[in-house]
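Please look over the structure below. A short report on its helices and contacts follows.

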Amino acid sequence: MATQGRRDFLKSLSAIGISTIGVAGITPSITKASPENILSKDRMGVLVDTTVCIGCRKCEWACKNAHDMPSGSIDEYENESVFDNKRRPDYSALTVVNKYQNDKTGSPINVKVQCMHCDQPACVSACIVGAFSKKENGSVVWDESKCIGCRYCMVACPFQIPSFDYHKALEPEIRKCDFCFDRTAEGKLPACIEICPVEAITYGRREDLVQVAQEKIKNYPERYNNHILGETEVGGTSWMYMAGVDFKNLDFPTLGDKSAPGVSESIQHGIFSYFVPPVALYALLGGVMWISKNRDKKEEN
Amino acid sequence: MEMLMNPSQMTKKYFTPGVMLVSLIALNGLIFLALRLIFGVGAITNLDNQHPWGIWIGIDVAAGVALAAGGFTTAALGHIMHREEYEVVIRPALLTALLGYTFVALSVAIDLGRWYSIWHPLIFWNGNSVLFEVGICVMIYVSVLYIEFLPIVTKKFIGNVRFKGMLAKLNSPVDKLLRMLDRGLDKTMFIFIIAGVVLSCLHQSSLGTLMVIAGPKMHPLWQTPILPLLFLISAICVGFPMVIMESLIASRSFKLKPEMHVLSKLGSYIGPMLGIYLAFKVIDILIREAFVYLMVLSTESVMFSIEIIFGIILPMRLFFSKVVRESPLGIFIASMLVILGVVLNRLNNFIVAYNPPYATTSYFPSIGEISVTLGFVCIEVLMYRLIVKYFPIISIPEKAGVFKTKYSIQGSK
């Protein structure tokens, strides 16, 4: 009877092991497919030249119009009192312009804020249901049909961009700039680019924009700080900034060149490398259980 | 075998003044919960775009999962290492884990903006997401816990199925079904027990990986690549103290003699484990040179110091003392220190350490958030009390029992 039981035990244990490995065999192919991250060589980007921006906030108005959000009359945007406080994008505005004092030249610096559209986005990596994806044209977009509203993307984002509509009980949205994904698909320019009266924001292939920026810095070393924000930060971003002062003074976070999700993904995949560690732990515990049980049996006999 | 467990139903009456008070706090929580469901997360919480996660995640979920670790640690000790003397604490620990995880799931659900979409991770997978791994692991583990609990239910009703009137016809088939289920579970329970321990190790550690992606937004005193390891070790550390704390409170509440012989022995494991945890914490701080942040007086440095001194070093010293381990009051205090230390650690990791770059205000939980958190804890206590009244969970000591342990590997008898 004793051997019978032991054999059963081993049989079931190995059955579990085999089925777990079976599951492990199929899963990586499925899980890899879910979050798209296509880094096309021709992905688009935007170069924001803060030395050119005049702070007219027309981009804010155009953005709201393009996304069917209440925008009001364009004349209201001439009101400068909004610059008294530093604003952040939220459910009512996907982009905002902030004004900063410039101690060097005296004329203020205007900084447009929106999603940076990272090349290795933390939100794409973090999202529990893969609702975020990096598209081939460079944009990082959110899929309403998947989102469960856990807000982990907001915890993960190094630029603190995604916002949440806290005052909706049903279907609250995660809102952030989508690089006018629908407009660009139709061949139109992103709304903010189209309306900008001074060409402070330039739309083009990311690769070309990096060159343009480098050229500008070379030609006007007086005008620009030798730093293209977003060229290498967190593995590179689609939106890049140029300024005459240190970006720290313009409220940009100081970030390294390593991609934001890099560390957590390697830990995660280390723990789960093809389910080997969990299966090994299972086998080990099974072995311990079997040996302990037998030891007790022997002692009792 | 000298120790036999004798789980019995508690006969003391359910409502006492204390229970009434707990019910009131629970009710208050439910009111705020209703407001959250009707008016949205923003209506009753202090969360904003800078602080997306508050105490519902930091305490209810992160600390809740850690405090439910009594389930898998006692299962590992009692069933896998087969130390039968600890079997008296396994059922209470299992029930606590079961209730704990059920409320973790509920807390996650109410924190979700779209709580009705909580099933989405089952079909939309993201293998890169730590949260996905935690979510799936917890879902499976909750099911495993219910399966582990099932034999207690089947044992109670086998031979006792007595529907009345129209349903009387169902009596015999339901009884047969229960017997079949019971036999099947007897043979396969070890599969679930091992799976439970593996799943626990996985998600306890992954819970630590959650905040790694926040990168520089998290204070360097806590932000480390070994967060998953620290979370796993601290969860193992807090498992037995939780069991000790519950056992002592249950004994007092139901006027039973505390099971000191078992609890003291259980306590002897805690000191060394806290030592290991402390060693990893200290080495981590030294290697990353994060100790420089302890030289400046800040909320972070104070909270970190409290966590280390009162949550690890002091209870470690207490648990190494035989006198403390053998006194009910001493071991209770030492256990509470470990528990509060781990709760503080989770709170620190998820809330204190999280410094969003554009915050104009700092986060402090609202009355609504605190009410719901307290309310959930109280509902758990009420349910625990109800279940031990109707099911044999708590063992009455010093009465020779005949009820042999449930989850032995029946096949090898």
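The report takes chain A, the interface, and then helices of chain B.

**Chain A**

This is a predicted model. Chain A holds nine helices and nine strands. Of its 301 residues, 41% count as buried. Take the contacts in chain A between residues at least 6 apart in sequence: 62% of them join residues at least 24 apart.

One residue of chain A deserves a closer look. A:P278 sits in helix 9 of chain A, which covers residues 276–300. Is A:P278 buried or exposed? A:P278 has 20 C-beta neighbours inside 10 Å, so A:P278 counts as buried; the cut-off for burial is 20 or more. Leaving aside residues up to four places away in sequence, A:P278 touches B:V198 and B:L202. A:Y100 is 178 residues from A:P278 along the chain, and the C-alpha atoms of the two are separated by 53 Å.

**The interface**

Between the chains, 59 residues of chain B are in contact with 62 residues of chain A. On the chain B side, at least two residues each come from helix 1 (17–39), helix 2 (41–44), helix 4 (70–80), helix 6 (130–157) and helix 7 (171–209). Which helix supplies the largest share? Helix 7 of chain B does, with 11 residues. By class, the side of chain B that touches chain A has 35 nonpolar, 21 polar and three charged residues.

**Two helices of chain B**

Helix 1 and helix 9 of chain B can be set side by side.

| Helix of chain B | Residues in helix | Expected span | C-alpha end to end |
|---|---|---|---|
| Helix 1 | 23 residues | 33 Å | 34 Å |
| Helix 9 | 28 residues | 40 Å | 41 Å |

For helix 1 of chain B, the span expected at 1.5 Å a residue agrees with the distance between its end C-alpha atoms. For helix 9 of chain B, residues 260–287, the reach is close to the expected value.

The buried residues of helix 1 of chain B are B:V22, B:A26, B:G29, B:F32 and B:R36. An α-helix has 3.6 residues a turn, so residues three or four places apart point the same way. The cover over the buried residues of helix 1 includes helix 2, helix 5 (87–111) and helix 13 (367–390) of chain B. Just after helix 1 of chain B comes B:G40, with a positive phi of about 100°.

In helix 9 of chain B, the buried residues include B:V262, B:L266, B:I270, B:Y277 and B:K281. The buried residues of helix 9 pack against helix 5, helix 8 (227–253), helix 10 (299–319), helix 11 (322–326) and helix 12 of chain B. B:E289 follows helix 9 of chain B, and its phi is positive, near 55°.

**A helix pair in chain B**

Two packed helices are described by the angle between their axes and the distance between the axes. Helix 3 (residues 55–67) and helix 12 (residues 328–352) of chain B pack at an angle of about 140°, with axes 9 Å apart. How are helix 3 and helix 12 of chain B oriented to each other? They are oblique, because angles over 145 degrees are needed for roughly antiparallel. Helix 3 of chain B passes helix 12 of chain B in a right-handed crossing.

On the helix 3 side, the contact includes B:I55, B:G58, B:I59 and B:A62. On the helix 12 side, B:I339, B:V342, B:R346 and B:F350 are among the residues met. The residues of this contact divide into 13 nonpolar, one polar and one charged.

Conventions. Residues numbered from 1 in each chain as written. Chains lettered and ligands numbered in written order. Predicted model: local features only at pLDDT ≥ 70, side-chain atom pairs only at ≥ 80, totals over all residues. Axes fitted to C-alpha atoms, helices over the stretch in contact; angles between N-to-C directions. Helix = DSSP H or I, 4+ residues; strand = E, 2+ residues; numbered from the N terminus. Parallel < 35°, antiparallel > 145°, perpendicular 65-115°, else oblique. Left-handed = near helix turned anticlockwise from the far one by under 90°. Contact = placed C-beta atoms within 7 Å. Nonpolar A, V, L, I, M, F, W, Y, C, P; charged D, E, K, R; others polar. Buried ≥ 20, exposed ≤ 12 C-beta atoms within 10 Å, placed from the backbone. Expected span 1.5 Å × (residues − 1).
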